[in-house]
Structure formats: structure tokens, C-alpha cells
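Work through the three exercises below with the model open. Try each task before you read its solution.

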Amino acid sequence: MMKTASSTPTAYYIGLMSGTSLDGIDAALVSITPGTPPKLLATAAVAMPDTLHAQLLHLCHAPVAHFAELAAAEDAFCRLQAQAVTALLTEQGLVPAQITAIGSHGQTIEHAPQGHQGGPAYTLQLDNPSLLAELTGCTVVADFRRRDLAAGGQAAPLAPAFHQALFGQRQGEQLVLNLGGFANLTWLPQEQERAVVGFDTGPANALLDAWFAKHHTGRFDENGTWAASGQIDQALLARLLQEPFFHQPPPRSTGRELFHLAWLSDHLTGDEAPRDVQATLAELTAVSVAQGVTQLPLSQPSATLLVCGGGAHNAYLMERLAAHLPKVTLLSPATLGWPEDWIEAGAFAWLAHQRLHGLPGNLPSVTGASGPRVLGGIYAP
Ligand SMILES: Nc1ncnc2c1ncn2[C@@H]1O[C@H](COP(=O)(O)OP(=O)(O)OP(=O)(O)O)[C@@H](O)[C@H]1O
Ligand SMILES: CC(=O)N[C@H]1[C@@H]2OC[C@@H](O2)[C@@H](O)[C@@H]1O[C@H](C)C(=O)O
């Protein structure tokens, strides 16, 4: 039986996110006062060491992983999470007892909401909430996605529910875009009784980073400078856009299982200049997001789109997005007190709060689950 929010006082949560870009752990200290939008108080980021980055990337693409390899990566990942929590607590002069709970997303290793070759649906996040509780002395809430999946949902994207909690009280309809490893879009209606729309639009930084790393040292194309030096290959773009995912109606979510370097290679003739491919991948992200916007039930074509995620720092990608959405104003959520890099970590702080209060964390209109569900499990310190 679900409860409604009670009039409990302000509580402090830490949200931990390591997204599909595998760039590091983001930790957000969030205060939640029932009835008002969550507030971002402080942040800490711990970069993913090269060895763990390579280990996790390998696991994402390994057909069969050894359990010892999984366990080692999970342990290293969890210790990195604890490092981020400790950094945040120390910096803020807080002790674990002042934190109501940590919400831990874990590291997505594989996401197959449709199952694999006729098998059951699954989504796999590497996470060890027991060890995290032990290392930090805080209550940990984790495993947010699988209850939605069990209720017939995609288990992703989950962020739209948080977007609603953050921006839903603003005047007029709201649009939010996350440019992470993959991109997801949220439409918040002006009328409270209408359902929120949200779905993954396709690949974003995951493919851009992978192609960049194949041709350069370094993890990503700073500001999209390399992409900007290339030419968009329209024929290649057309072939990439034929992928059925781009034509599926929501609910839909995706990940590295579909969009990876081998998928890209299958569409290349071999004659393309690498920088042109990078420009075309940025275009693929911009076009698929723009196509997603056209599917939204906007009440007027001119809207404001809050752009979050690391892709918001890619000047070339933002330029292409603006070119494909001439009537839409792109805005940083920093103007509303939530800098673009911290919304996802904030979402998992909020999801921990929802779990502890017996409140739903999913939006069935987004994930396709058969109803609202309380997400995640609780691990006491
Ligand atoms: N200055 C920049 N120029 C270009 N790209 C950038 C810049 N800063 C960050 N990025 C991109 O953002 C990525 C990180 O984004 P983000 O942290 O939102 O990903 P994530 O947490 O993995 O997201 P998700 O969970 O949504 O997949 C980097 O891997 C990089 O591709
Ligand atoms: C399975 C998984 O980890 N999916 C991520 C990924 O990264 C972006 C997009 O694909 C989104 O669907 C999701 O992350 C955010 C936090 C979400 O669930 O809203």
C-alpha cells in the first residue's frame, strides 16, 4: 500500500550516479522538504581511473564474464563511490548520521528490457549496496530499475519523474533533455492531470567517446572541436537513421548493447575520414533528439528545452541541436539552481527519498510499467 508524503522536516540525501559514459562517480548532496522541489546543496566528483574504466567497458561488451572479474570491478566501483561520499561529507563538515540515505544507481553493464534472444527481460547494474553501507556508515537505497522491469516497464528512463519533481511546478509546459552516454527527453505538461512523456532518443556521448578514443588518446572530444573540423556525411547519417530503434514509439530505452562501435562499423564503407564520422555521430544525436521533440505533444512549437548531462558542454553538439530545433530555446538548468552535470545524481537522491517514504519512483506513462511502483531496496548501515 502506497503512502502520501507526510509533513516530515527537511532531510539530507546523497545521490550517486555513474552513467553510461563511464566518466566517473557524481555525488550530489540534496535536501528534501516535502512539498517543495529538491535542492542541490553540494557536489563531489571522482573521475573513473583508467584501469576501472577499461575493466567496466570490457564487461559491457563481454559475452560471458568471469564472476571473479565482475566481483573485482564491483568492489573497485563501490570503493570509488565511498570515496565520493567521503569527499562530500568531509568538504561539508557532515557526519554519516546526518544523511538520511544514499541513493546508488550502480553501473549499468547491460540493459535488455526486451530480453535477449527470447530470454527474460533484464537490466544489470553493477553495485554493492551492502559494502557501500559498511564503508560509509549510511543507509543505502539501491536496485532502482528492476521493480519497474518486473512490472512490465523498460526500467528506464527514470529521470523524468525527478524532472517532474524539480520543474513540474514551473509555469507552462517544460522540456528536459539529458545528453549522457545516451540521450533521454522529458515533456512535462502544463496541466497536472496530463501524463508526462519521456523516452530515450538514442546514442549521445557513448558513441562519440568510443569513436574519439579509437582515433585519439583521451576520453572525449573536448567541446566537439574534432567533430567540428569534419563534414557531416549525409549518406552515412541516412544509413544510421534506418536503425529500427529510431522509429519505435515510446516506451523505449536503449544502451551499449545496440549502439556500439561494431554497429557503427557495419554502416561504414571504409572510405570515410574519421573526423567526418565524428561530425556525423554528433549529427545523429542532434537529429534523433530533434525527431524526439517532434513526437512530443507540445502545445506550441516555441518551447524552452533544459539541456543537462555532459553533452551540454559539447559546443559543436549544442550548435547542431540548435540548428535542428530553430523554434526551441536551449537553456541550462543552472539558471534554475541545478547545474547540468548534477541532475542525474540528484535524481537518485530523490529516488532514495521516495523509497524511504513508500512513494513511487517510476512514471508508468514513461516506462510502460503496469502501474506506479516503489523502487529499490534498503540496506541499513
Ligand atoms: N567539455 C566537453 N566537451 C565535450 N564533451 C564533453 C565535455 N564535458 C563532458 N562531455 C561529455 O559528457 C560525457 C559525460 O556525460 P555525463 O556525465 O552526463 O554522462 P553519464 O553520467 O554517463 O550519463 P548517462 O547516465 O545519462 O548516460 C563525457 O564522456 C563526454 O562525452
Ligand atoms: C539502463 C540505463 O542505465 N540507462 C540510462 C542511460 O543513460 C541515459 C539513458 O540511457 C537513460 O535511459 C538511463 O539513465 C538515466 C539516469 C535514467 O534512467 O533516466
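## Exercise 1: the ligand shell

The shell around ligand 2 has five nonpolar, eleven polar and two charged residues (nonpolar: Ala, Val, Leu, Ile, Met, Phe, Trp, Tyr, Cys and Pro; charged: Asp, Glu, Lys and Arg; polar: the others, Gly among them). This is a predicted model: local features need pLDDT of at least 70, side-chain atom pairs count only at pLDDT 80 or more, and totals for chains, interfaces and linings use all residues. Residues are numbered from 1 along each chain as its sequence is written, while chains are lettered from A and ligands numbered from 1 in the order in which they are written.

Task: find which residues come nearest to ligand 2.

Solution. Step one: take the 18 residues around ligand 2 (C-beta atom, placed from the backbone, within 6 Å). Step two: Thr108, Ala156, Pro157, Ala159 and Phe182 come nearest. Step three: strand 4 (101–112) and strand 8 (182–188) each give two or more residues (strands are DSSP E runs of at least two residues, helices H or I runs of at least four, numbered from the N terminus).

## Exercise 2: the domains

Task: state how the two domains meet.

Solution. The assignment, automatic or from a database, gives domain 1 (11–156 + 342–379) and domain 2 (159–336). Their contact takes 27 residues from domain 1 and 30 residues from domain 2 (C-beta atoms, placed from the backbone, within 7 Å). On the side of domain 1 that touches domain 2, helix 12 gives the most, with five residues.

## Exercise 3: a helix pair

Task: find which residues of helix 10 meet helix 11.

Solution. Ala282, Glu283, Thr285, Ala286, Val287, Val289 and Ala290 do so. Their partners in helix 11 are Tyr316, Leu317, Arg320, Leu321 and His324.
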